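Visitor: Could you walk me through a few details of this structure? I would like to hear the reasoning behind each answer.

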2 protein chains.
Amino acid sequence: MAREFDLINDFFAPLGAPSGSELHNGREGQIGIGDDGAVISVPPGQQAVVVTDTLVAGVHFPLQTSPFDIGWKSLAVNLSDLAAMGARPAFYSLALTLPTYDAEWLSEFAKGLKAASESGCGEMVPLIGGDTTKGPLCITVSAQGWVPNGQAIMRHSAREGDRIFVTGTLGDAALGLKLAMPEFWGDFTPLSFSDEDRAKLLEALNRPKPQLAYSDFLREYASSAIDISDGLLADLGHILERSSMRFGYDLKGCIDLAALPKSQAMQMYLQQTHDWRAILSGGDDYQICFTVSVDKLESMREAARKYDLEVYEVGSIELRMEGDGQLELMKHGQIDFAVMQSLAMKGFQHF
Amino acid sequence: MAREFDLINDFFAPLGAPSGSELHNGREGQIGIGDDGAVISVPPGQQAVVVTDTLVAGVHFPLQTSPFDIGWKSLAVNLSDLAAMGARPAFYSLALTLPTYDAEWLSEFAKGLKAASESGCGEMVPLIGGDTTKGPLCITVSAQGWVPNGQAIMRHSAREGDRIFVTGTLGDAALGLKLAMPEFWGDFTPLSFSDEDRAKLLEALNRPKPQLAYSDFLREYASSAIDISDGLLADLGHILERSSMRFGYDLKGCIDLAALPKSQAMQMYLQQTHDWRAILSGGDDYQICFTVSVDKLESMREAARKYDLEVYEVGSIELRMEGDGQLELMKHGQIDFAVMQSLAMKGFQHF
């Protein structure tokens, strides 16, 4: 107990809300690491958005990942969820399970958390509490943000005719994973990426940037949104599934393969391998996929230019007719059956 | 992915907020498992209390613990934190890491969660989201509750002269752990507990009752409170430490060993072994330890009788003089050095 408590104070207390900050405004300054829980005042006119993501060593990051990157990623993937819902991050809690007490590891891990907590547009997102336990390395972060009442962006509200957008290049983290764990990919021929490209791909894997700059923009223009954590196809699939359920007719997504934004490394990889799995189903992108109704397209593009936000139109939502799949991959206006077949052959399954 | 999604739908969706419930009152019915996050409206005039607890297999429960009990305990220990802060539970999220997909295990686990979610005084506490991942068994629940603005009960507000109370018998879970894992306790002579006592001790270990009936009562009468998860001494220690820091003078806790509420099994165990560790430092009690100022004692006792709440006065908070320990264990008004020494010899340390 004594040592667990030291651990919390030494490494995590500096990540908490500085005294005097808004989170301390309760009658008794009622917040902070070390109580049974934290007490939070939600700003008037706002709702809370609650997200949770777990990272397991060897499953969500390679075992040799640096503790800084593990810390960064643990928080970043949650901030990414908040961004996709149009929320501004308010605070997070940390459940950290560690095999042994390792001061150096903890110090680096805390630095990674801190860097991610400062990666948004505003102030540091404070850590408000959590739990530290002994066991196989596993990190659960639960983050919370605020949205104006009734304005959270959901997955279930895409409609026929909406255009599909993404916020940046896809598949780089998947290529980074192949670089980091070549032994895991029997079918992966190491490519002659330049050192610069290798560094970029590994950074995409280890330090995904939560797209917090998009929160306000998405609330204004997106009809639905999701962060791409399991690959564009799987995550766009969630939008299609839930929007179809909600509106009572079947929707499909048509993706223009040529329109997908690709890094230089990805362009080379596709040229050499014709393997579309990384860019479409690789996972760990943490870009946002969102839909926009046709009547908002122009004003959306204007706002994107004004706020210097990258947006790439990659397809559209259509009515799904009998015999159609939920997702259609297009090249030159035609379904590309070869690519679709190659993807159906291998999927990503958590279990 | 597909199977993970099935898993969530099959086992956890029924634990969510029923449609039409208060949590669905957002403009778009904005809540539910399956989005990036859940959207929550905090009731006007209330603050949110956020708590997080992780259970690791083999650390926080014996490996052979039934999935029902694991589910129960995962949620119950969090509700216990909320109760100790005077909060009414509102919802929870679940981060579940599982080595393999096991439908039977999941079904029982979900039943345990559900039972715990219905164990309070009001309606079921709904599950609002979370994450399921593959890895060594580990469960993190983050629960949230509401308290009227500024009325959360903290650890840092006990004062000199306050009396110390607990809400029920202590140490039973520790004896239950000895029964469940005799191989772990070299020094444990199996005692001839009756079958009924054995069952009670194991139930104390596996199905701790969150003391939610005390939330409103504690807000009215307690000067400080904490739930006893690491043993009375460790948790009362947190109250003393934080209250001392806050008020700028050193406080100590004086515990009357004779006044500690004891189950029949504990009475027998103490008689035969004179081992006070289980009752004082055993952990997993999930009773609440709270302090009451002298001027509120009478009205507090009256309210406890009225609402049929057990309260046991077990000691007092005093000024700590030079040479005093932070905790003094008393018998017949004298410090019991023998017991204190036996406890100092062995402590409980997470790392």
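What follows is a short conversation about a predicted model, its salt bridges and one of its helices.

Visitor: Happy to start broadly: how many salt bridges does the structure hold over all chains?

Guide: A pair counts when a side-chain nitrogen of Lys or Arg is within 4 Å of a carboxyl oxygen of Asp or Glu. Over all chains, the number of salt bridges is 30.

Visitor: Let's take Glu313(A): which residue forms a salt bridge with Glu313(A)?

Guide: Glu313(A) sits in strand β10 (residues 312-319) of chain A, and its partner is in strand β6 (residues 163-166), 150 residues apart, so look in a distant part of the chain. The closest N and O atoms of the pair are 3.5 Å apart. The partner is Arg163(A).

Visitor: Are Arg163(A) and Glu313(A) buried or partly exposed?

Guide: Buried means under 20% relative accessible area and exposed means over 50%, so a value in between counts as partly exposed. Arg163(A) has a relative accessible area of 27%, and Glu313(A) has 28%. Both residues are therefore partly exposed.

Visitor: Nice. In which helix do Arg219(A) and Asp216(A) lie?

Guide: Their side chains meet in a salt bridge, at 3.3 Å from N to O. The two residues are 3 residues apart, about one turn of the helix. That helix is α6 (residues 215-221) of chain A.

Visitor: Which residue is linked with Asp216(A) and Arg219(A) in a network of salt bridges?

Guide: Asp216(A) is partly exposed at 33% relative accessibility, and Arg219(A) is partly exposed at 21%. Their network of salt bridges also includes another arginine of chain A, namely Arg88(A).

Visitor: Over to chain B: which residue of the salt bridge between Asp336(B) and Lys331(B) counts as buried?

Guide: The two side chains meet at 3.3 Å, N to O. Lys331(B) has 32% relative accessibility, so this lysine counts as partly exposed. The other partner has 11%, which is under the 20% cut-off for buried. The buried one is Asp336(B).

Visitor: And helix α4 of chain B: how many of its 9 residues are buried?

Guide: Helix α4 (residues 172-180) of chain B is mostly covered. Its buried residues run from Asp172(B) through Ala173(B), Ala174(B), Leu175(B) and Gly176(B), then Lys178(B), Leu179(B) and Ala180(B). The count is 8.

Visitor: Which helices do the buried residues of α4(B) pack against?

Guide: Packing here rests on contact, with heavy atoms within 4.5 Å. The partners belong to chain B, and they are α5 (195-206), α8 (264-273) and α9 (277-281).

Definitions and conventions:
Residues numbered from 1 in each chain as written. Chains lettered and ligands numbered in written order. Predicted model: local features only at pLDDT ≥ 70, side-chain atom pairs only at ≥ 80, totals over all residues. Heavy atoms only, no water. Buried < 20%, exposed > 50% of the residue type's maximum accessible area, 1.4 Å probe, protein only. Helix = DSSP H or I, 4+ residues; strand = E, 2+ residues; numbered from the N terminus.
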